[in-house]
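This briefing is meant for a reader who is meeting the structure for the first time. Please keep the sequence and the model in view while reading the points, which are grouped by topic.

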Amino acid sequence: MIDAPPLLLLLRQSQKDVCAGLPKLLQNVELISGLNVETINNGPFDLRYSGVAFQCHITSVQTDWRDFKTIFWNPDWGKVISILAINFGDHVGAGRMSPVVVAHLLELSERLGTMLDAAAVLWKPANIVSGFSYFSETVGQYRAGGPFPVLALVDFSITGSNHLVSHGLSWFSGQELQVEPGDLSATELMRRAVRIAHDIAVNGAIETTMEIEGLTEFERIILSPSQSNRELGVLISSKKEE
């Protein structure tokens, strides 16, 4: 595998029950191919979804949950009995940053989670656990042409200098946000940060300084990548017409 699995489905069923029931479920799913059902009980197993190679692994719970942020889910860790880890296959490589490939990962995870009645989804690049119903809804909207599911996949925090910074956006783009506080409230900063994160996750990192329209009539947003291109500075200003 190229990295540790980025996505874990948190399941209410035992590892034994999931391994016993999953082969029949998977055999009836369109777009899935290359699956050897006999390997499901013997560690990681490979499959292809919409032509993209994935590797999955069913395990018992061996995770300390205290380091994860939880959204849209009332945590009941005692009922999480097993995990289905989903990763890209060895040959996907840098192609994992392609929006199309990422969409297939989210679609596959949503379909498997629905079949297995998942309780929640852990997205490890941002250390976020989201309730499965929320994850499923936002992924469904994205598949239908809606916004990228930023809140389930990218975390945000406020620094000591009141900058709003992202965590996990670089997994999709190689770039994180650093939003200067300005005169906006934390809620208003988040609205703008989510919009920019959506654009970067779908279209790639910003490589040159640019100015874009804001969310209000006179607002302008200045985007300034760092020299390494790993951080994107965001300055929000309001310029009334003279």
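The face of helix H6 that is turned away from its buried side carries the exposed residues Thr187 and Asn203. Like everything described here, this comes from a predicted model. The points below begin with H6 and then take up the sheet it packs on, helix H2 and the nonpolar cores.

**Helix H6**

- H6 runs over residues 186–203 and has 18 residues, and from its first C-alpha to its last it reaches 25 Å, close to the 26 Å expected at 1.5 Å a residue.
- The buried residues in H6 are Leu189, Arg192, Ala193, Ile196, Ala197, Ile200 and Ala201.
- These buried residues lie on the same side of H6, because they cover an arc of only 165 degrees around the axis.
- Just after H6 comes Gly204, which takes a positive phi of about 100 degrees.

**The sheet that H6 packs on**

- An open sheet of 6 strands, with mixed pairing, follows the order E9-E10-E11-E14-E13-E12.
- Strand E9 (155–158) and strand E12 (210–213) each have a single partner strand and stand at the edges, so one side of each is left without a neighbour in the sheet.
- On average, and with direction ignored, neighbouring strands of this sheet are turned by 25 degrees against each other.
- E12 pairs with strand E13 (residues 219–225) in the antiparallel sense over 4 bridges, and Ile222 in E13 is the bridge partner of Glu211.
- H6 packs on the sheet and touches E9, E10, E11, E12, E13 and E14, while its direction makes about 155 degrees with that of E11.

**Helix H2**

- H2 has 17 residues and reaches 24 Å from its first C-alpha to its last, close to the 24 Å expected at 1.5 Å a residue.
- Because 12 of its 17 residues are buried, H2 is largely enclosed by the rest of the structure; among the buried residues are His104, Glu107, Ser109 and Glu110, as well as Leu105, Leu106 and Leu108.
- Just after H2, Asp117 takes a positive phi of about 55 degrees.

**Nonpolar cores**

- The largest nonpolar core has 65 residues, and those with the most contacts inside it are Leu9, Leu84, Ile86 and Leu177.
- Helix H2 (residues 99–115) gives the largest share of this core, 7 residues.
- A second, separate core has 12 residues, including Val80, Ala85, Ala120 and Val129.
- Leaving aside its neighbours within four places in sequence, Leu84 is in contact with residues that include Leu7, Phe45, Cys56, His57, Leu112 and Leu116.

Terms used
Residues numbered from 1 in each chain as written. Predicted model: local features only at pLDDT ≥ 70, side-chain atom pairs only at ≥ 80, totals over all residues. Heavy atoms only, no water. Core = buried A, V, L, I, M, F, W, Y, C linked by side-chain atoms within 4.5 Å. Buried < 20%, exposed > 50% of the residue type's maximum accessible area, 1.4 Å probe, protein only. Helix = DSSP H or I, 4+ residues; strand = E, 2+ residues; numbered from the N terminus. Contact = heavy atoms within 4.5 Å. Expected span 1.5 Å × (residues − 1). Arc of directions from axis to C-beta. Pairing = 2+ DSSP bridges. Axes fitted to C-alpha atoms, helices over the stretch in contact; angles between N-to-C directions.
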